[in-house]
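Q: I would like a close look at one part of this structure. Pick one strand and walk me through its surroundings, in short steps.

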Amino acid sequence: MRILYLNHNVARKGGTFYRAYHTARYLVRRGHEVTLLTISADRRTGFEYECSEGVTIIHTPDLLTGVGRTGWDLWDTACRVGLLHGRTWDIIHAWDCRPAVILPALYARAQSRSVGGKLVIDWCDWWGRGGTQAERPGRLTKLLYGPVETFFEEAFRSQADATTVASRALHKRALGLGVRPDPLLIMPGGSDTETIKPLDRGAARTELGVPQDAYIVGYMGALPLKEVDLLVETLAIARRQIPQLRFMAIGVSVAGSTLPLRDVMGSRLGDWMIETGRVPFAKVSEYLAACDVLALPMRNNISNVARWPSKLNDYLASGRPIVATSVGEIEAFAGHGFGIFTRDTAQDLAAGIVQFANDANLSEHCGALARRLAEGQLNWHTIVSDLEALYTQVYDRA
C-alpha cells in the first residue's frame with residue numbers, strides 16, 4: 001500500500017510524532033510505502049526531505065513559533081495541500097485533527113478517490129471539553145483558544161473511513177460523536193524492544209558514573225506541571241524510609257512551563273537529584289537500567305484517563321519494576337503484574353517505592369513481567385499487525 005501520514009508536531013518532538021513514526025517504520029518492514037509529513041523545526045519556506053528506516057519524512061515549513069508550531073499555521077496547511085496536489089494514496093492517516101493535519105488529509109482523500117483511497121483518523125489526546133487545555137495556566141488563553149481546539153478535535157471525526165484511538169475513554173467519546181464502531185481500533189503505544197533492552201544495573205551505573213550504593217528512582221520524558229508536586233512529595237516521603245534514595249530525571253522537561261525542572265522543583269530535592277539533560281535514544285537503555293524502580297505518577301483527571309502514557313512502553317522494555325497510579329489505560333494493563341499500582345496520592349506512591357526497596361524478589365519478578373508485556377501485547381510488531389489488518393479491511397470495502 002501507498003500510505004500517507006500527517007502529523008502536527010515538530011519532527012522528533014512530541015509523542016504523536018513518535019506514535020506515527022514508529023508505526024510507519026514497522027509498516028515499511030512489511031512492504032508498505034509510507035510518507036510522513038511533519039513540521040520542520042526551523043523552516044519558513046520550502047520542504048526538507050529525509051529517509052529514516054525506509055520512511056520518507058517531509059519536514060514542512062511553518063511560520064509560527066513555540067507552542068503555535070503544533071499544527072495551527074495556515075501557511076503550513078496551504079503548503080501541504082500544494083505538495084499533495086495530483087498525488088494519490090491508498091491510505092491517508094491523519095494523526096489527530098489540527099488544521100495542518102486534517103485539512104490536507106481531506107484534500108488527499110479527495111485526490112485519491114480514483115484509486116479507492118481511504119481516510120483514517122487517530123485520536124490520542126483529550127484536548128478540549130475539560131481536557132489538557134483546561135488544565136493549563138492562562139484563563140484568557142483558555143477562554144479564547146479552548147473552543148477552537150474543541151471544534152477541530154471533534155468536527156471531523158465522523159468523516160473518517162476508519163478510526164484509531166489510544167484509550168477506552170476516547171473510544172467512548174468517538175462513538176458519542178457519531179464515529180462508526182466498525183472499523184474502530186483501540187491502539188495503545190508500542191514498545192521498541194530492539195533498542196531498549198534489560199541491562200545489568202551495576203554495569204550501567206559504572207558506565208554513567210552513578211553511585212552503586214544508591215537506591216535510584218527514575219522518571220523519564222515530559223513531566224506535566226500538574227504532576228511535579230505529586231512526584232516531589234512522593235520522593236520526599238519515600239526518602240524518609242530510604243535514606244540512600246536518589247532521584248534520576250532522565251531527559252525530563254516540564255510540560256506547561258518554560259522553566260528547567262530543577263527551577264520548578266526548587267529546593268525541595270537538593271543534591272540527591274541526578275538530572276541527565278537530553279539523552280540520545282540509543283542511550284536510554286543504560287539510564288533506565290541504572291534505576292532500581294521507575295515512577296509514573298499521574299493525576300486522576302480527564303486528560304490522563306484518555307491518553308496513552310508513552311513512556312510506559314520504554315519502562316516496560318527496560319525490564320524494571322514500575323510504581324504507577326492506577327489511572328486510565330494503566331488500570332487496563334495492571335493485571336499483567338509488572339508493578340505496584342496505587343491511588344494518585346504521594347503517600348500511596350511512596351509506599352509502593354518502599355515496598356520494592358524492601359523486596360528484591362518482588363522487584364525482579366515485576367521487572368520480568370514488564371519485559372514480557374513489552375515483547376508481547378505491547379510490542380510494535382503486534383500493534384502494527386492489528387493496524388495493517390484495519391487498513392486492509394477499510395481499503396477493501398467497496
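A: What follows starts with one strand and then works outward.

This is a predicted model, where local features need pLDDT of at least 70 and side-chain atom pairs count only at pLDDT 80 or more, while totals for chains, interfaces and linings use all residues. Residues are numbered from 1 along each chain as its sequence is written, and side-chain values use heavy atoms, with hydrogens and water left out.

Start with strand E1, residues 2-10. The names come from DSSP runs: helices are H or I with at least four residues, strands are E with at least two, and both are numbered from the N terminus. Of the 9 residues in E1, 8 are buried. Buried means under 20% relative accessible area, exposed means over 50%, and partly exposed is in between (1.4 Å probe, protein chains only). So E1 is mostly covered.

Next, the partners. Two strands pair if DSSP finds at least two bridges between them. E1 is joined to strand E2 (residues 33-39) by 6 bridges, and the two run parallel. One such link is between Arg 2 and its bridge partner in E2, Glu 33. E1 also pairs with strand E5 (residues 91-95), again in the parallel sense, over 4 bridges. Here Tyr 5 has His 93 of E5 as its bridge partner.

Now step back to the sheet. It is open and has 8 strands. Their order is E3-E4-E2-E1-E5-E6-E7-E8, and the pairing is mixed. At the edges stand strand E3 (48-52) and E8. Each of them has a single partner strand, so one side of each is left without a neighbour in the sheet. From one strand to the next, the twist averages 20 degrees. Move from E1 through E2 and you reach strand E4 (residues 55-60), according to the order of the sheet. E2 and E4 pair over 5 bridges in the parallel sense. Ile 39 has Thr 60 of E4 as its bridge partner. A general point helps when you look at any strand. In a regular strand the side chains alternate between the two faces of the sheet.

The loop between E3 and E4 holds Glu 53. Its phi is positive, about 55 degrees, although Glu 53 is not a glycine. Glu 53 has a relative accessible area of 46%, so it is partly exposed.

Back to E1, and on along the chain. The loop between E1 and H1 holds Arg 12. Arg 12 also has a positive phi, near 65 degrees, in a residue other than glycine. With a relative accessible area of 29%, Arg 12 is partly exposed.

Then comes helix H1, residues 15-29. E1, H1 and E2 make a right-handed β-α-β unit. Right-handed has a precise sense here: with the strands pointing away from the viewer, the path from the first strand over the helix to the second runs clockwise. H1 lies across several strands: E1, E2, E3, E4, E5, strand E6 (118-123) and strand E7 (162-165). H1 runs at about 155 degrees to E1. For such angles, axes are lines fitted to C-alpha atoms, for helices over the stretch in contact, and angles run from 0 to 180 degrees between N-to-C directions.

Look inside H1 at Thr 23. At 0% relative accessibility, Thr 23 counts as buried. Contact means heavy atoms within 4.5 Å. Leaving aside neighbours within four places in sequence, Thr 23 is in contact with Tyr 5, Trp 95, Met 187, Trp 380, Val 384 and Leu 387. Tyr 5 is familiar: it is the residue bridged to His 93 in E5.

One more pair sits further on. The charged end of Arg 29 sits over the ring of Tyr 26, 4.5 Å from its centre. The rule asks that NZ of Lys or CZ of Arg be within 6 Å of the ring centre and within 35 degrees of the ring normal.

Finish at the far end of the sheet order, with E8. The loop between H6 and E8 holds Pro 183. A cis peptide bond joins Asp 182 to Pro 183, with omega about 5 degrees. Leu 177 is found in the loop between helix H6 (168-176) and strand E8 (184-186). Leu 177 counts as partly exposed, at 30% relative accessibility.
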